[in-house]
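Work through the exercises below with the model open. Try each task before reading its solution.

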Amino acid sequence: MAESQAPAAPAKAEPNHGVRIFSIWIVLALAADLLIWFVWKPHLPPGDMSSSARHQQFDIAVMALAAAPVMLFVWIYFGYALVNWRHRQGDDDDGPAIFGHTGIQAAFIGGTSVIVLALFVFGTVELIAPAGAGAGEGANPVWKPSGNNLLQVQVIGQQWQFTYRYPQFGGMETTVLVLPVNRPVAFHVTSLDVIHSFWAYQLGVKADANPMVDNVAYTTPEQLGGFTVRCSELCGIWHGAMFNSGRVVTPTAFQVWARANQAAEAKSGLLRSLPPYALAYDPTVVPQLGKVLVKLGITGAAGYYYPPQDPVQP
Amino acid sequence: MSLPARIVTLLVAFAAVVAGAVFIVVHYLGSALPVVNYTPEASGGAVNVVLQEAPVNSVTPRPDWVSYFVQDPKTHAWVHTTLFQVPENTRVNMTILGYDGCTPLRNNYFSKIQGTVGNRVTVQQFKTLSQPVGPTRVYSLIDSWANCSVAHTFAIPSLHVFVPVASPVTALFNSSACGTAPCTNSPHSMEKFSFYTPKTSGTFRWQCFIPCGGGFLDGNGGPMQTIGYMMGNMEVSG
């Protein structure tokens with residue numbers, strides 16, 4: 001009895017998975033980067049109110065541009081593998097053996113190395129190019145803005161209030177930070193007691209305020225409007241309430257405001273009662289005076305600074 | 001260990017835990033600072049608030065640091081607290097009795113009176129409660145470095161109110177400074193000023209800017225970091 005055997009169906013041609021994954025990835029990566037650049041970037045913190053803020057926003061956007069394709073590749077490959085190479089009913093065979101792929105390995109190592117090194121160079125340049133990127137550079141800043149019309153503003157922190165001195169206007173002092181638009185500003189940040197941190201959020205400026213230290217940070221306000229200043233260093237019980245506001249005004253309005261303030265403080269005698277402008281102030285001076293007063297018996301209180309018997313010496 | 005001994009030990013341990021919890025609730029939560037309510041006393045769009053600065057706190061088992069006191073508007077008793085309530089959109093006529101000696105400001109900028117009506121205060125010195133010394137003077141600035149004439153400050157930073165509070169006449173203070181709080185008949189200054197509360201309710205912290213935490217690092221420890229002494233809250237109610 002002759003047996004008839006049906007001919008085996010021809011094996012289904014395996015699609016080119018690499019091309020399919022790459023095609024999906026390139027479309028989504030392009031879409032994601034376009035969305036990041038044109039839709040998300042304008043809303044990225046800290047905004048673009050100043051040169052340093054604008055650079056920070058640009059930096060974050062570039063990082064996102066670089067990260068999105070990598071992240072999408074991982075997700076797409078993961079999803080593709082789940083859909084196409086999952087275990088199917090009745091299929092008990094092992095998958096094909098893996099023997100490595102020099103090309104893929106080299107591409108992965110080379111690609112990620114290029115991305116990391118490029119971001120390293122980009123980040124370093126971005127710290128330098130915009131005059132220190134709005135961060136405190138210490139007493140001897142290396143990266144400075146060009147030009148010689150710097151507005152000097154001293155930021156003085158104390159528990160729990162920031163005040164601002166303008167040495168180019170007789171050393172007048174205020175509790176509100178007012179700046180002219182399109183003029184580079186040098187912030188000289190210091191403290192009269194503990195460590196604070198001056199954080200002008202919308203300006204993209206952040207610098208620690210240490211007693212006896214002049215910490216310099218630069219920026220150039222580029223838009224009119226208000227901004228907030230917060231302390232970003234835990235500095236005591238009212239740290240959370242240590243914030244105030246500032247505003248960027250036109251150069252003319254700034255001159256009017258500054259000269260009016262200077263005249264008012266001169267008239268009231270306040271300018272005479274302030275100490276001469278200095279890059280930092282010795283907080284021990286007044287408390288030492290207080291100790292003298294205690295010795296003389298004419299005060300019931302006297303704060304002092306790092307007393308010798310205190311076990312916590314700096 | 002026998003079974004009865006185990007049970008007794010367990011019960012004792014349980015009782016100790018319960019006692020500890022009760023102690024915490026009573027001692028800490030139960031000793032919350034009182035809020036002196038001035039709101040019912042407001043009339044004609046104004047309210048009178050009276051504070052006192054005492055060199056020591058001697059009326060409670062709490063630390064004897066330099067401290068503010070708030071006067072109860074109904075009984076006129078001094079309450080050891082720094083929490084008081086006033087109505088919104090109201091003129092606060094503040095009177096501060098300064099019984100403490102002078103200490104210089106760390107930042108003399110706060111010698112300038114700011115945020116009060118007219119940016120001014122009036123100061124009358126007293127030898128005793130009923131014995132004024134010299135005329136009432138008006139100040140827009142009390143230089144704490146030049147004359148050592150400021151004891152503490154009353155400042156509400158978010159309302160831009162900064163007021164240095166005059167200390168008593170030094171010679172009088174040296175001869176008979178107040179040693180028991182609340183102070184009554186010792187040499188003191190009486191400083192008056194007014195400011196307006198905001199049109200919306202909220203909590204506004206106030207503080208002293210003088211580093212008057214004697215014996216503490218920076219002078220800013222102890223009473224400067226503790227609500228009920230040299231800092232507090234002004235509750236503005238609707």
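**Exercise 1.** Compare the reach of helix α4 of chain A with its expected span.

*Solution.* Helix α4(A) covers residues 251–268, 18 residues in total. Helices here are DSSP runs of H or I with at least four residues, strands are runs of E with at least two, and both are numbered from the N terminus. The expected span is 1.5 Å times one less than the number of residues. For α4(A) that gives 26 Å, and the distance from first to last C-alpha is close to it, at 26 Å. Next comes A:Gly269, with a positive phi near 95 degrees.

The model is predicted: local features need pLDDT of at least 70, side-chain atom pairs count only at pLDDT 80 or more, and totals for chains, interfaces and linings use all residues. Residues are numbered from 1 along each chain as its sequence is written, while chains are lettered from A and ligands numbered from 1 in the order in which they are written.

**Exercise 2.** Give the strand order of the open sheet of 5 strands in chain A, and find its edges.

*Solution.* Strands pair if DSSP finds at least two bridges between them. The order is β3-β2-β1-β5-β8, and the pairing is mixed. The edges are β3 (172–174) and β8 (215–219), each paired on one side only. From one strand to the next, the twist averages 25 degrees. Now take one pair: β2(A) (residues 161–166) runs antiparallel to β3(A) over 3 bridges. There, A:Tyr164 has A:Thr174 as its bridge partner.

**Exercise 3.** Why is strand β7 of chain A largely enclosed by the rest of the structure?

*Solution.* Count burial first. A residue is buried if 20 or more other C-beta atoms, placed from the backbone, lie within 10 Å of its own (exposed: 12 or fewer; partly exposed: in between). In β7(A), residues 205–209, 5 of the 5 residues are buried, so the strand is largely enclosed. Now split the faces. A:Val205, A:Ala207 and A:Ala209 lie on one side, A:Lys206 and A:Asp208 on the other, and both faces are covered. The antiparallel partner is β6(A) (residues 196–200), joined over 5 bridges. A:Trp199 pairs with A:Lys206. The hairpin has 4 residues between its strands, and A:Gly204 takes a positive phi near 65 degrees.

**Exercise 4.** How do helices α2 and α3 of chain A pack?

*Solution.* Take α2(A) (residues 51–84) and α3(A) (residues 102–128): their axes are 11 Å apart, at an angle of about 180 degrees. The two are therefore roughly antiparallel (an angle over 145 degrees).

Notes: Axes are lines fitted to C-alpha atoms, for helices over the stretch in contact, and angles run from 0 to 180 degrees between N-to-C directions. Angles under 35 degrees count as roughly parallel, over 145 as roughly antiparallel, 65 to 115 as roughly perpendicular and the rest as oblique.
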